[in-house]
Amino acid sequence: MSKKESKDLMIDGKRLDGRNPDELRSISIKANVIKNAMGSAYIEWGMNKIVSAVYGPSEALPKHTGDSEKATIKCRYTMAPFSSLEEHGRPGMNRRAVEISKVTSEVFSNIVLLEKFPGNEIDIYIEVLQGDGGTRAAGITCAAVALAMSGIPIRDIPFAVSVGKIGRTLVLDMNKIEDNYSDADVPMAINPRNGELTLLQMDGILTGEELSRAIEMARHAGETISRIQRNAIGEQYGQIDA
Ligand code: CDP
């Protein structure tokens, strides 16, 4: 992350794509898009296009990856080879993808009733078809809908969003250019029911006060994101705003 050009990312208080600092990109979600999956969803979040599919529970394989007391969440986040023109980092299972898969597994381990399925695994696939900044947050938000559609018992439907810092301004939901040149990026995942933070990563430096405000911005954005998630689920049952 380069700091040298962050000043160019905001002009007269507006971002380069015309958004205000606390404005989300447009988000739309469609549930049940993959016939063979237990649950699935497709999200368009700004220019991001991501599909998620959930399989299981099924016997954990190889066996040593399972836990005799509870289910194991196995998440696989990948970017399709055509998803970006980025020069660094190859698509597919690289180091970054392993990291995102791990933190995403932790987000979902927090809300699935794992103890109901000892020795089993639940597979959550997140495939980025087109990436434009904030794909881990958009992927988690999408996978949460896929998981809800799978019928696997869950305590909550988490959402995720990232808050960044451009100069001294906190900005919600950075796109790729902002992500590249911003001064900080804080992706978060939250369980809306009890407000629990299950993902908090930080690239760059924020003061304690800025971090508190960033969390507050994410929580506030969550009201909109959660509503879009619930509507996507409700549409499958012929109801709006389930
Ligand atoms: O996607 P997210 O912001 O959560 O993760 P990141 O590692 O901060 O990457 C920022 C953005 O860079 C991604 O959203 C992609 O748009 C892009 N990227 C890419 O195009 N190719 C990669 N191999 C890695 C990142």
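A strand, as the term is used in these legends, is a DSSP run of E with at least two residues, numbered from the N terminus. All views show a predicted model.

**Figure 1. Cis peptide bonds at Pro57 and Pro62****.** Pro57 belongs to strand β5, which runs over residues 48-59. The bond joining Gly56 to Pro57 is cis, and its omega is near 0°. A second cis bond links Leu61 to Pro62, with omega near -15°. Pro62 sits in the loop between β5 and β6 (72-79). For background, most peptide bonds are trans.

**Figure 2. Surroundings of the ligand.** The shell around the ligand holds 14 residues, and those that come nearest are Ser84, Arg96, Gly134, Thr135 and Arg136. Sorted by class, the shell has 7 polar, 6 charged and 1 nonpolar residues. Two helices, α2 (135-150) and α3 (176-181), each give at least two residues to this shell.

**Figure 3. Polar contacts of the ligand with Gly133, Gly134 and Thr135****.** A polar backbone atom of Gly133 is 2.9 Å from an oxygen atom of the ligand. For Gly134, a backbone N or O atom lies 2.9 Å from a ligand oxygen. Thr135 makes its contact through the side chain, where an N or O atom is 2.5 Å from an oxygen atom of the ligand. On its own the ligand has 500 Å² of accessible area, and the protein covers 90% of that area.

**Figure 4. Helix α4 and its kink****.** Helix α4 spans residues 208-236, a total of 29 residues. At 1.5 Å a residue the helix should span 42 Å, and its end C-alpha atoms are 42 Å apart, so the two values agree. The helix nevertheless has a kink of about 35°, centred on Gly222. After α4 comes Gly238, which has a positive phi near 70°.

**Figure 5. Positive phi at Asp12 and Asp173****.** Most residues other than glycine have a negative phi. Asp12 has a positive phi, near 50°. This residue lies in the loop between β1 (10-11) and β2 (14-15). Asp12 counts as exposed because its relative accessibility is 77%, and the cut-off for exposed is over 50%. Asp173 also has a positive phi, near 60°. The loop that holds Asp173 lies between β9 (169-172) and α3. Is Asp173 buried or exposed? With a relative accessible area of 2%, Asp173 is buried, because buried means under 20%.

Note on methods: Residues numbered from 1 in each chain as written. Predicted model: local features only at pLDDT ≥ 70, side-chain atom pairs only at ≥ 80, totals over all residues. Heavy atoms only, no water. Near = heavy atom within 4 Å. Polar contact = N/O pair within 3.5 Å; in protein donor to acceptor, adjacent residues only side chain to side chain. Areas by Shrake-Rupley, 256 points an atom, 1.4 Å probe, with all protein chains shown as cover. Helix = DSSP H or I, 4+ residues; strand = E, 2+ residues; numbered from the N terminus. Nonpolar A, V, L, I, M, F, W, Y, C, P; charged D, E, K, R; others polar. Expected span 1.5 Å × (residues − 1). Bend = angle between axes of the 7 residues up to and from the residue. Buried < 20%, exposed > 50% of the residue type's maximum accessible area, 1.4 Å probe, protein only.
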